[in-house]
Amino acid sequence: MAAQAVSVGTALGAREWSGLRPADPFKAAPAAARADTQIGVSKKGRVVQMTISVEKKQFTTKKSEETFAAAKELMPGGVNSPVRAFKSVGGQPIVFDRVKGSKAWDIDGNQYVDYVGSWGPAIVGACDEQVNEELIRTLQKGTSFGAPCVLENVLAQMVIDAVPSIEMVRFVNSGTEACMGMLRLARAYTGREKILKFEGCYHGHADSFLVKAGSGVATLGLPDSPGVPSSSTASTLTAAYNDLEAVKEIFAKYKGQIAAVVLEPVVGNAGFIVPRQEFLQGLRDLTKEDGACLVFDEVMTGFRISYGGAQQHFGITPDITTLGKIIGGGLPVGAYGGKREIMQMVAPAGPMYQAGTLSGNPLAMTAGIHTLRRLQQPGAYEHLDRVTGKLVQGILQAGRDAGHEICGGHISGMFGFFFCAGPVHNFEDAKKSDTAKFAAFFRGMLERGVYLAPSQFEAGFTSLAHSDEDIEFTIAAAKDVLKSL
Ligand SMILES: Cc1ncc(COP(=O)(O)O)c(C=O)c1O
């Protein structure tokens, strides 16, 4: 059936500025039964809200294209975060209308099995009923107090109970903010300035970390960002991931000067790359010996690789950990935590200043608490591991059967694959992937109803809502696309 075109746009179109008429989310009819929503057109004739198709059979992205064309006039590159713009895979991004469980729908009415999950937070499935119900209850008491609330204690206790390295925690509003706080803390605690990070690892967009960062920086081929003063990165040392010898040399050269070694304990921002156990152990030993902090940036891997994060999975306990994504259950959140002795440096307990108007707000705390509660249910991580393993094996097999060089892997609900023979141990290896082939694969999958991360240098995510049926559908689509490449 063609898109139902019950457009309120006609009623609004003639007005100078129609504005938006957001539906009351709590009174709205179930998404699938809803008639199309409205259009809004700005003074300059730009589409600021689009008629949304709710049912269709043919893959068309006309409405997404129109909306994105308008967005490009309103926001740099049409987006509020670079990788969303599909630059590395070509074509235009699709514009989302709604998400539920393992699925996403765009404004043209196309349905996708979603392996992005809002870049990680949607681990229990998108738009989860239980989490939503709790959010509504909290919402009715106010969205932000700027004062202590009990929910902060609840989530803090849950994080402390779960993550081996965390004895105290500070909540912030994003992963970037968590990494900024963590860096200041490591420097304050050690009285040193230098940090060591790894090529292809992303720790948010703060100045000091925008050196050989992966993710969008890699995707866009930007070596560094203009606007970052050289003084901000002068203290940032880099090494190849999984290269313990290089780290040893750096420690020998800068003995007693390194505040922190910061890494993604499983890389997700250069594609999916697994650490060698001896690499993690070596970093733990070297930092301990030198008096530097070992920091695991678990913004992506926290509560995903296991309930206690990558540190629990690999049995290596860092000094400081950063978190984000999942602990906010889809609302903006971040956190850094570690040993009590280190965290007591943070204001107002100690002299290291860091603050935030919306930090620890009741909404984000609620979404985090109820997301973690769902993850505590027996079988949660077994499910993630099983469906993700089946997915990756299916895609790799389909690739090999079609004669492509392909390698990849997964841990729990995080996965990735590269179009090269592999193995991939670091960013240099990852860059050997045939990115043009990835782009063609990505577009083919999109057309067949599978939404993958729009970059070779990003990991994929599954959720508790991903079913065997979703995985089989995805593998069938992959077989079809890979045969055609
Ligand atoms: C490992 C890691 N650290 C930090 C960040 C930054 O988090 P945010 O995008 O919430 O600022 C990300 C984002 O993807 C990340 O993957």
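Visitor: How far from an oxygen atom of the ligand is an N or O atom in the side chain of N269?
Guide: The model is a predicted one. N269 belongs to the residues that surround the ligand, together with S174, G175, T176, Y202, H203, G204, E264, D297, V299, M300 and K325. A polar contact requires N or O atoms within 3.5 Å. The side chain of N269 meets that limit, as one of its N or O atoms lies from a ligand oxygen atom at a distance of 3.0 Å.

Visitor: Which residue has a side-chain N or O atom 2.6 Å from a nitrogen atom of the ligand?
Guide: An oxygen atom of the ligand is 2.8 Å from a polar backbone atom of G175, so the backbone is involved there under the 3.5 Å limit for a polar contact. For the nitrogen atom of the ligand, the partner at 2.6 Å is a side-chain atom, and the residue is D297.

Visitor: What percentage of the accessible area that the ligand has on its own does the protein cover?
Guide: The shell around the ligand divides into three nonpolar, six polar and three charged residues. On its own, the ligand has 390 Å² of accessible area, and the share covered by the protein is 82%.

Visitor: What is the angle between the ring planes of F86 and F442?
Guide: A search of the whole structure finds 14 aromatic pairs. One of them is formed by F86 and F442, with 5.1 Å from centre to centre. The pair is classed as edge-to-face, a term that applies to planes over 60 degrees apart. The angle between the planes of F86 and F442 is 85°.

Visitor: How many residues apart are F86 and F442?
Guide: F86 is located in the loop between helix 2 (62-74) and strand 3 (96-100). F442 is part of helix 15 (residues 435-447). Both F86 and F442 are buried, and the pair links distant parts of the chain, with a separation of 356 residues.

Visitor: Why does the pair of F86 and Y451 tie together parts that are 365 residues apart in sequence, and which strand holds Y451?
Guide: F86 and Y451 form a tilted pair, 6.4 Å centre to centre with 35° between the planes. F86 is buried, with a relative accessible area of 1%, and Y451 is buried at 9%. The pair ties together parts 365 residues apart because F86 lies in the loop between helix 2 and strand 3, whereas Y451 lies in strand 15.

Visitor: Which residues form one aromatic cluster with F86?
Guide: F86 pairs with F442 in an edge-to-face arrangement and with Y451 in a tilted one. The cluster that contains F86 consists, besides F86 itself, of F96, Y112, F438, F442 and Y451.

Visitor: Is V424 buried or exposed?
Guide: V424 is found in the loop between strand 14 (414-418) and helix 14 (427-430). Leaving aside neighbours within four places in sequence, V424 is in contact with I273, C407, F418, D429 and A430. The C-alpha atoms of V424 and G271 are 9.4 Å apart, although 153 residues separate them along the chain. At 12% relative accessibility, V424 counts as buried.

Visitor: Which residue is joined to G422 by a cis peptide bond?
Guide: Most peptide bonds are trans. The bond that follows G422 is cis, with omega about 0°. The partner lies in the loop between strand 14 and helix 14, and the residue is P423.

Visitor: What is the approximate phi of F303?
Guide: F303 lies in the loop between strand 10 and helix 10. F303 is buried, with a relative accessible area of 1%. Most residues other than glycine have a negative phi. F303 is not a glycine, yet its phi is positive, at about 65°.

Visitor: Which residue has its backbone oxygen 2.8 Å from a polar atom of the side chain of S306?
Guide: S306 is found in the loop between strand 10 (293-297) and helix 10 (309-314). S306 counts as buried because its relative accessibility is 12%, under the 20% limit. Leaving aside neighbours within four places in sequence, S306 is in contact with Q312, H313 and Y381. The backbone oxygen at 2.8 Å from the S306 side chain belongs to G309.

Note on methods
Residues are numbered from 1 along each chain as its sequence is written. This is a predicted model: local features need pLDDT of at least 70, side-chain atom pairs count only at pLDDT 80 or more; totals for chains, interfaces and linings use all residues. Side-chain values use heavy atoms; hydrogens and water are left out. A residue is near a molecule or strand if one of its heavy atoms lies within 4 Å of it. A polar contact is a pair of N or O atoms within 3.5 Å; within protein, one must be able to donate a hydrogen and the other to accept it, and residues adjacent in sequence count only if both atoms are side-chain atoms. Accessible areas come from the Shrake-Rupley method with a 1.4 Å probe; for residues, only the protein chains shown count as cover. Ala, Val, Leu, Ile, Met, Phe, Trp, Tyr, Cys and Pro count as nonpolar, Asp, Glu, Lys and Arg as charged, and the others, Gly among them, as polar. Helices (H or I, at least four residues) and strands (E, at least two) are DSSP runs, numbered from the N terminus. Buried means under 20% relative accessible area, exposed over 50%, partly exposed in between (1.4 Å probe, protein chains only). Contact means heavy atoms within 4.5 Å. Rings of Phe, Tyr and Trp (its six-membered ring) pair if their centres lie within 6.5 Å; planes under 30 degrees apart count as stacked, over 60 as edge-to-face and the rest as tilted.
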